[in-house]
Amino acid sequence: MKLVISAQNSNLESPVDNRFGRSQWLILFDTQSDQWKAFQNPGASQSGGAGVAAAQFVVDHAADVVISGDFGPNAARAFQSANIEMRLFPKQTLTVQEAVDLYKNDSLRKNT
Amino acid sequence: MQIAVASGKGGTGKTTIATSLALSLSNLARIRFFDCDVEAPNSHIFLKPRFEDISPAVIQIPQIQIDKCTACGRCVEVCEFHALAQVGRNILVFPQLCHGCGSCTWNCPENAIIEVPNQIGTLERGVGRENIEFFRGQLTISEPMATPIIRQLKKMGRPAEGTIDIFDAPPGASCSVVETLHGVDFALLVTEPTPFGLHDLKQMLGILRDLNIPAGLVINRDGIGDDSLVDIIEKQQIPVLLRVPFDRKLAESLAAGQSLVDVMPSYRQVFMRLYQQISKLVEGSKK
C-alpha cells in the first residue's frame, strides 16, 4: 500500500501536520518495502486552492491511502472520486513513523 | 468624482462616514452610493433605499464535455486557482475556487470546455433617502469570492460628469478592498487611534501608494488611545480632514439606525467642507 502522510518536516521522526492542504511536507510511504520519500507539499505555498493542489499531488503519485488530521471539502471530493482512502490521526501529536505503525495495525479512524 | 471610504480595520466607522457624506452632499450634486461590502452590506440601514431591480451576479465557470475531452490535463495545468483537478480520465471542477478567468477554455486543445453561468450573489439598484441612487452587491452565503461582484457592482454606474460616486469599501486590506479602490479619484481613510486601527491604516497607506490614489484621514473615536497615530500622520504626511470625537450618545444612535447627520445636523456643513477639501486634494494630485 502506498500511503501519503502530512508532516511538519521531511523525515519519519517529524511530527505529523494536522492540516492536509497547508502542511509543509507530504511523506510517501510504501508499506511493502518500507521505502519512503519526502516531498514539499505543492499546496503549502498556494494563496488559494491548497487542498486541491495537494490532493492532485497525492492522486498523481497513485497513493492508496492518505493520512492527515482533517480534510477540507475540496480535497475530500477529489479523494472520493479517485477512490483514495482517507484516514485520520488520533488527537495527540505523533510522528510520521507512529502514524505508519498505527495504519499497519489498522488503528486509524476513517474519514467519514 | 469617485470617492472610496476605506479603513483596513473593521468597525472604525466607514459606513457612518460614507453614508453621512452622501446625505450631506445630496443637495449639491447627483449622488450614487455603492455598498461594496458585499459580504455584509449595511449602508442600506442608514440610506433606506427602496430597491427597484435585482439581478444575479454570475461568473462563467468551465463545464467539460466528456465526449470531446481526451484527459490531457492541460486545463488543470493552466488553472492558477486549482479550480480543476484530474483523476484518471475525469476532470473535476471546483466552482467555489474558480475565478472565471477563462484560461482553461482558452487553452483546451480539443475545445472540450464550454462555460456556464454560476451565480455567486446579487446586484441591486434602488433609490434611497434624499434621492441618493443606491447600489448594493450581496455575496451568497458560503460563496468565497467577493471581487467579481464588486467589479460588476461598480460597472452599474460608469463615472459621469457632475456626479459624486461614493464607494463604501469592505473591511480588511485584501483583494476586495483593492477592487473597490481601483480607479477612484480619492480614498477617505477612516481610522481610530487604537493599535488595530493603526496597524491596518499603515497597510492601507501602502496599498494606496501602490495604486497612486490620493488619500485623506478621518479620525473617528478621537480622544481615545495614545499618540502613536500622530507619528504616522507626520511620517506619512497624510492630511487629517476630519475628527469625530468619541461619544456614547452618538454610538447609541448609530446602533439604532440613525445616521451621524441626523443625530448631529451641524455635521452636514462639516461634511460639505470635507468634500471641498477632497476636491482640492484631487485637483492638486492631477497637476
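**Note on the predicted two-chain model**

1. Core residues. In this predicted model, the largest nonpolar core comprises 111 residues, of which A:Ile5, A:Ala78, B:Val5, B:Ala22, B:Ile166, B:Ala187 and B:Leu189 touch the most other members. Helix α1(A) contributes the largest share of this core, 7 residues. On the side of chain B, the core draws at least three residues from domain 1 (2–49 + 128–286) and at least three from domain 2 (58–119).

2. Surroundings of B:Ile166. Which residues does B:Ile166 touch, not counting those up to four places away in sequence? They are B:Ile3, B:Val5, B:Ala18, B:Leu21, B:Ala22, B:Ile31 and B:Phe33. Two of these, B:Val5 and B:Ala22, are also named with B:Ile166 among the core residues that touch the most other members.

3. Interface between the chains. The contact between the chains involves 13 residues of chain A and 11 residues of chain B. On chain A, both α1 (50–60) and α2 (73–81) supply at least two residues of the side that touches chain B. The largest share of that side, 5 residues, comes from α1(A). By class, the side of chain A facing this contact has 6 nonpolar, 6 polar and 1 charged residues. Helix α1(A) thus appears both in the interface and in the nonpolar core.

4. Sheet of chain A. Chain A has an open sheet of 6 strands in the order β3-β2-β1-β4-β5-β6, with mixed pairing. Why is one side of β3 (36–40) and of β6 (109–110) left without a neighbour in the sheet? These two strands of chain A stand at the edges and each has a single partner strand, so no neighbour lies on the other side. The partner relation of β3(A) can be followed in detail: strand β2 (residues 25–30) of chain A pairs with β3(A) in the antiparallel sense over 5 bridges. Within this pair, A:Leu26 has A:Phe39 in β3(A) as its bridge partner.

5. Helix across the sheet of chain A. Helix α3 (residues 96–104) of chain A lies across β1 (2–7), β2, β4 (65–68) and β5 (85–88) of that chain. Its direction is at about 140° to β1(A).

6. Overall description of chain B. Chain B contains 11 helices and 11 strands, and its C-alpha trace spans about 70 × 45 × 40 Å along the principal axes. Of its 287 residues, 43% count as buried. Among contacts in chain B with a separation of 6 or more, 76% are accounted for by residues 24 or more positions apart.

7. Domains of chain B. The chain is divided into domain 1 (2–49 + 128–286) and domain 2 (58–119). Their centres, taken over C-alpha atoms, are separated by 38 Å. How many residues are in contact between domain 1 and domain 2 of chain B? There are 4 residues of domain 1 in contact with 4 residues of domain 2. The side of domain 1 that touches domain 2 has 3 nonpolar, no polar and 1 charged residues.

8. Sheet of chain B. An open sheet of 9 strands runs in the order β3-β6-β7-β2-β8-β1-β9-β10-β11 (chain B), again described by mixed pairing. Its edge strands are β3 (50–64) and β11 (240–245) of chain B, and each pairs on one side only. On average, neighbouring strands are turned by 20° against each other, direction ignored. At one edge, strand β10 (residues 215–222) of chain B pairs with β11(B) in the parallel sense over 5 bridges. The bridge partner of B:Val218 in β11(B) is B:Leu242.

9. Helix α5 of chain B. Helix α5 (residues 147–155) of chain B has as its buried residues B:Pro148, B:Ile149, B:Ile150, B:Leu153 and B:Lys154. These residues pack against the strands β2 (30–35), β3, β6 (113–127) and β7 (133–139) and against helix α6 (175–181) of chain B.

10. Environment of B:Leu25. Residue B:Leu25 lies in helix α1 (residues 14–25) of chain B. Is B:Leu25 buried or exposed? There are 22 other C-beta atoms within 10 Å of B:Leu25, so this residue is buried, the threshold being 20 or more. Not counting residues up to four places away in sequence, B:Leu25 touches B:Ile31, B:Ile164, B:Phe271, B:Met272 and B:Tyr275. By contrast, B:Leu25 and B:Asn111 are 86 residues apart in sequence and 53 Å apart in space, C-alpha to C-alpha.

Key: Residues are numbered from 1 along each chain as its sequence is written. Chains are lettered from A and ligands numbered from 1 in the order in which they are written. This is a predicted model: local features need pLDDT of at least 70, side-chain atom pairs count only at pLDDT 80 or more; totals for chains, interfaces and linings use all residues. Two residues are in contact if their C-beta atoms, placed from the backbone, lie within 7 Å. Helices (H or I, at least four residues) and strands (E, at least two) are DSSP runs, numbered from the N terminus. Ala, Val, Leu, Ile, Met, Phe, Trp, Tyr, Cys and Pro count as nonpolar, Asp, Glu, Lys and Arg as charged, and the others, Gly among them, as polar. A nonpolar core is a set of buried Ala, Val, Leu, Ile, Met, Phe, Trp, Tyr and Cys residues joined through C-beta atoms within 7 Å. A residue is buried if 20 or more other C-beta atoms lie within 10 Å of its own, exposed if 12 or fewer, and partly exposed in between; C-beta atoms are placed from the backbone. Domain bounds come from an automatic or database domain assignment. Two strands pair if DSSP finds at least two bridges between them. Axes are lines fitted to C-alpha atoms, for helices over the stretch in contact, and angles run from 0 to 180 degrees between N-to-C directions.
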